Amino acid sequence: MIFEDLPTTPTSEELIDKAFSRAARAGKAKGGLEAQQSMLQTAANIISDNLENVVTAWPDFEYDAHPFYYELADAILEKPDAADADSGVDALRQSLSEVMWASRKAREIHEEYQPKLRKTDIDTARKHRKQAFARLADIVEQVEDDLLWINEARNALRDLPEIDPEEPTIVVAGYPNVGKSSFVNDVTNARGETASYPFTTKGIGLGHFEGADLSAESERTERSAMRDHIRYQIVDTPGLLDRKPDERNEIESQAVSAIEHLADCMLVVLDPSGECGYPLESQLELRDAIAAQFEAVPVFTIANKVDRAEGWPDDLEGEYDRAMSVETGENVERVLEAAVEAIDYEPELPFEE
Ligand SMILES: Nc1nc2c(ncn2[C@@H]2O[C@H](COP(=O)(O)OP(=O)(O)OP(=O)(O)O)[C@@H](O)[C@H]2O)c(=O)[nH]1
């Protein structure tokens, strides 16, 4: 994950302390004007290099971040006390460019004062060096808030779920208690991976399976054989895709747009028995809203709990693509196969001569 290895960002205080204490040590090793010169050089270099490293540690959002992570970052990054326009990836970029400015400024101060520490008496040199230190400290203090917020952004992004946006992905949606997590656990051997999303209290369910885990021996085709070694990702999104769009807050809506970049196939799970506590009508409305939003990918409507089919309403007719029961296992594989078939993920085969 691209944000995993971001280093901690120093605070302005830590940076000033580090620069000046190293400078003092460098000064002690020498005498006279040379000591003053060495102190200035050490302090300016440490400040300039450390600030530059803060900036270069970040990936380029435009070129290196998958749109899924870009949007997710944009949703998550909330600058404290900032207006809406001042949050998200743009605000982070703004802070990074302030820090880059401070790094350059530190070098300029070095260049400006260096000549003043030559060919002069020691008292004047010391006075200039102190002046330069005051200005260096001032520059670092000017980006104090930027450094703090960059570090917060780093902490928030580092903990993002281990989702690989390049992997073919099936996203599962539907009201609470319709059987989404039972389904995900069932098809991924109940390994029960979960990953935490910063904007919902519920962990998102995440699982993997391989093409080879599907089709029974008797039904194998050339096409299914090609999928054998493909790893698929299946994602359950409680707290996001389990309610109607107008019930989502702004951050949640943005997270859903991020998921649009992730999904290769969408399964909307219904519980027509109504045991989940939501009337079928509402469930179908949610399905329609999701189908509208995810229009770029195949969306299947899956009626779960077919073992409770005697309690299914008549108006379900024609509203779903497949029926299954996670409880009894009926049709579960078929649903998964349909999803995989719809993704029709063609691996890049090695070039054959
Ligand atoms: N009868 C029957 N019950 C099922 C079936 N699938 C799931 N259930 C039950 O339905 C309940 C809800 O299932 P979950 O998998 O937790 O539902 P969910 O949609 O993930 O719910 P949230 O995590 O709240 O979003 C559980 O008690 C399951 O045992 C099924 O096919 N038939």
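The buried residues of helix α1 pack against α2 (32-56), α6 (122-142) and α7 (144-158). This packing belongs to a predicted model, and the description below starts from α1 before moving to the rest of the chain.

Helix α1 covers residues 12-28, which makes 17 residues. From its first C-alpha to its last it reaches 24 Å, close to the 24 Å expected at 1.5 Å a residue. Its buried residues are Ser12, Leu15, Ile16, Ala19 and Ala23. Seen down the axis of α1, these buried residues fall within an arc of 95°, so they line one face of the helix. The face turned away from that buried side carries Asp17, Arg25 and Lys28, which are exposed.

Helix α6 is one of the partners of α1, and it can be read in the same order. It has 21 residues, which should span 30 Å at 1.5 Å a residue; the end C-alpha atoms are 30 Å apart, in agreement with that figure. Buried in α6 are Ala125, Arg129, Ala132, Phe133, Leu136, Ile139 and Val140. Viewed down the axis of α6, the buried residues fall within an arc of 125°, so they line one face of this helix. Asp123 and Ala134, on the other side of α6, are exposed. The buried residues of α6 pack against α1, α2 and α5 (88-113).

Helix α2 appears among the packing partners of α1 and also among those of α6. A residue in α2 that can be followed individually is Gln36. Gln36 is buried, with 27 other C-beta atoms within 10 Å; the cut-off for a buried residue is 20 or more. Leaving aside neighbours within four places in sequence, Gln36 is in contact with Leu117, Ala125, Arg126 and Arg129. Of these contacts, Ala125 and Arg129 are also listed among the buried residues of α6. The C-alpha atoms of Gln36 and Ala24 are separated by 9.4 Å, with their positions 12 residues apart along the chain.

Another glutamine, Gln131, has its place in helix α6. Gln131 is partly exposed, with 13 other C-beta atoms within 10 Å. Its C-alpha atom and that of Leu240 are 109 residues apart along the chain and separated by 55 Å.

The domain assignment of the protein chain gives domain 1 (12-158) and domain 2 (169-343). The C-alpha centres of the two domains lie 48 Å apart. Their contact takes eight residues from domain 1 and nine residues from domain 2. On the side of domain 1 that touches domain 2, helix α4 (residues 67-76) gives the most, with seven residues. By class, the residues of that side divide into six nonpolar, no polar and two charged.

Taken as a whole, the protein chain has 12 helices and seven strands. Of its 353 residues, 36% count as buried. Among contacts with a separation of 6 or more, 72% are accounted for by residues 24 or more positions apart.

Two residues that are not glycine have a positive phi. Lys305 has a phi of about 65° and is found in the loop between β6 (299-303) and β7 (322-323). With 25 C-beta neighbours inside 10 Å, Lys305 counts as buried. Asn331 also has a positive phi of about 65°, and it lies in the loop between β7 and α12 (332-343). Asn331 counts as partly exposed, with 19 C-beta neighbours inside 10 Å; a residue needs 20 or more to be buried.

The ligand remains to be placed. It is surrounded by 17 residues, of which the closest are Gly179, Lys180, Ser181, Ser182 and Glu327. By class, the shell around the ligand has four nonpolar, seven polar and six charged residues.

Note on methods:
Residues are numbered from 1 along each chain as its sequence is written. This is a predicted model: local features need pLDDT of at least 70, side-chain atom pairs count only at pLDDT 80 or more; totals for chains, interfaces and linings use all residues. A residue is near a molecule or strand if its C-beta atom, placed from the backbone, lies within 6 Å of it. Ala, Val, Leu, Ile, Met, Phe, Trp, Tyr, Cys and Pro count as nonpolar, Asp, Glu, Lys and Arg as charged, and the others, Gly among them, as polar. Helices (H or I, at least four residues) and strands (E, at least two) are DSSP runs, numbered from the N terminus. A residue is buried if 20 or more other C-beta atoms lie within 10 Å of its own, exposed if 12 or fewer, and partly exposed in between; C-beta atoms are placed from the backbone. Two residues are in contact if their C-beta atoms, placed from the backbone, lie within 7 Å. The expected span of a helix is 1.5 Å times one less than its number of residues. The arc is that of the directions from the helix axis to the C-beta atoms. Domain bounds come from an automatic or database domain assignment.
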